[in-house]
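The exercises below walk through one structure, each with a task and a solution in steps. Please have the sequence and the model open while you read.

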Amino acid sequence: MELQRGMRDKLEKYIDVNRSIEVEMQISGASVYDFCCFGVDVNDKLSDDRYMVFYNQTSSPANEISYRGGNGSAVFTIELNRIPMTIQKLVFTVSIDGSGVMRNINSHVITLKQNGMPALRLALNGSDFQQERAIISIEIYMKDVWRINAVARGFNGGLGNLLRAYGGEEAAPANPTPPPRPAAPPPRPVVPPPRPAAPPPRPATPPPTPTPVAQPPPAKINLVKGQKVNLVKGSAGLGEVLINLNWKQPKGIFARPIDLDLGCLYELKNGDAGSIQALGNTFGSLTQPPFIALDGDDRSGSSVNGENLRINGQMVQYIKRILIYTYIYEGAANWKQADGVVTVKCPGSPEIIVRMDEYGSNLPLCAIAYLENVNNTLSVEKIVRFFRGQRYADQAFGWGLNWTHGTKD
């Protein structure tokens, strides 16, 4: 598939996003060229320098992105299903080291490959640019699924300007020239200054101090994607955490009912990990590890109480992290009709509302929220990412479980 400048599309149309891919970048011209791939967060900022991969830092922390390069070419090997959820976009760039401008290049070709076979290709040349000294070649970004953007946009100021557009900076020189020493202070005066006037006498009776009025916490918080909120821990510790899923059934004579199921992946601090869900009848326990339990299985969506996961807050010190998800066991993957809402309730904390308000995917599983132990309470982050099933969500968030087919009957 030949990409055109500015074109956007879903990657899964052309490659298997759950397997390793290669981004091969080539450029020819009279200058010296450097290649780079860096990850940015949900705010489009380069917030983690460990995900800036180039000739001087050839891999990301868990080798999800790796680099190998030569004269005028580089290959980035990417495992998208292992990219952490804090990274929402990968930006691939080429810049000039030394003199020259991009107008003078002969060609610049970016090829996405899998198993050595080319799947997507973007071909550029000097007529596409003017005085630019750095180019954003392509972006691979998450928007319900992994997508590609053939950006092909240049920056006149080079790599420094490009990085500043994402909140980053070029590395400073190894031994910068020290600034000049400040001038010597002026000599002290021989004659001391006059003494200050005596302060005014204190009033006989101090004015009353106003009593601050405590503002009540908000009753509900509607999380936006990427936002985190900590549950409030009382004097007796964290209370029971209730995670509720409710959804709507489609209307109409020919509408098929939707069976949404609530579940989670959990990891304890001792390394034990697993899943809790109706599929396979793994309902968990509140009094025994993992201290998380699923109340039941509402197959119709007609229950007023929906489906509920409960977490024993008194045992939160043993829990490391939890990924809350829902999956469509029966019915079409029509998330817009289902209009699912997850509510997190905990005594002393405002209700946390997580709406499944991204509807563009036909994949059957949605990772909704990520809970993490922070000082023996739980932080709640809105995720809303779609996957083919539990196995693929597991791979994306690094649980490493073994999966087999299961039923609810």
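**Exercise 1. Sort the residues that line the largest cavity into nonpolar, polar and charged, then find which elements supply them.**

Solution. The lining divides into ten nonpolar residues, two polar ones and four charged ones, where Ala, Val, Leu, Ile, Met, Phe, Trp, Tyr, Cys and Pro count as nonpolar, Asp, Glu, Lys and Arg as charged, and the others, Gly among them, as polar. The model is predicted, with local features needing pLDDT of at least 70 and side-chain atom pairs pLDDT 80 or more, while totals for chains, interfaces and linings use all residues. Residues are numbered from 1 along each chain as its sequence is written, and side-chain values use heavy atoms, without hydrogens and water.

Next, take the cavity itself (on a 1 Å grid over the protein atoms alone, a set of points where a 1.4 Å probe fits but cannot get out, with lining residues having an atom within 4 Å of a point). The structure holds one cavity of 30 Å³ or more, and the largest cavity has a volume of about 190 Å³, volume being the space filled by probe spheres set on grid points joined across faces, edges and corners. Of its 16 lining residues, V17, N18, W146, F386 and F387 are the closest to the centre.

Finally, turn to the elements (DSSP runs numbered from the N terminus, helices being H or I of at least four residues and strands E of at least two). β11 (145–149), β25 (377–387) and α3 (390–397) each supply at least two residues of the lining, and the largest share, three residues, comes from β25.

**Exercise 2. Trace the open sheet of five strands and find its edges.**

Solution. The order is β5-β6-β2-β8-β9, with antiparallel pairing (two strands pair if DSSP finds at least two bridges between them). β5 (65–70) and β9 (117–124) each have a single partner strand, so one side of each is left without a neighbour in the sheet. Within the sheet, seven bridges join β2 (21–28) to β8 (107–114), and Q26 stands opposite V109 in β8.

**Exercise 3. Locate the cis peptide bond and the positive phi of D144.**

Solution. The bond from P289 to P290 is cis, with omega near 20 degrees, and P290 lies in the loop between β18 (284–285) and β19 (292–294). D144, a residue other than glycine, has phi near 65 degrees and is found in the loop between β10 (134–143) and β11.

Notes:
1 Å grid on protein atoms, 1.4 Å probe; cavity = no way out; pocket = protein on both sides within 12 Å on 5 of 7 lines; lining within 4 Å.
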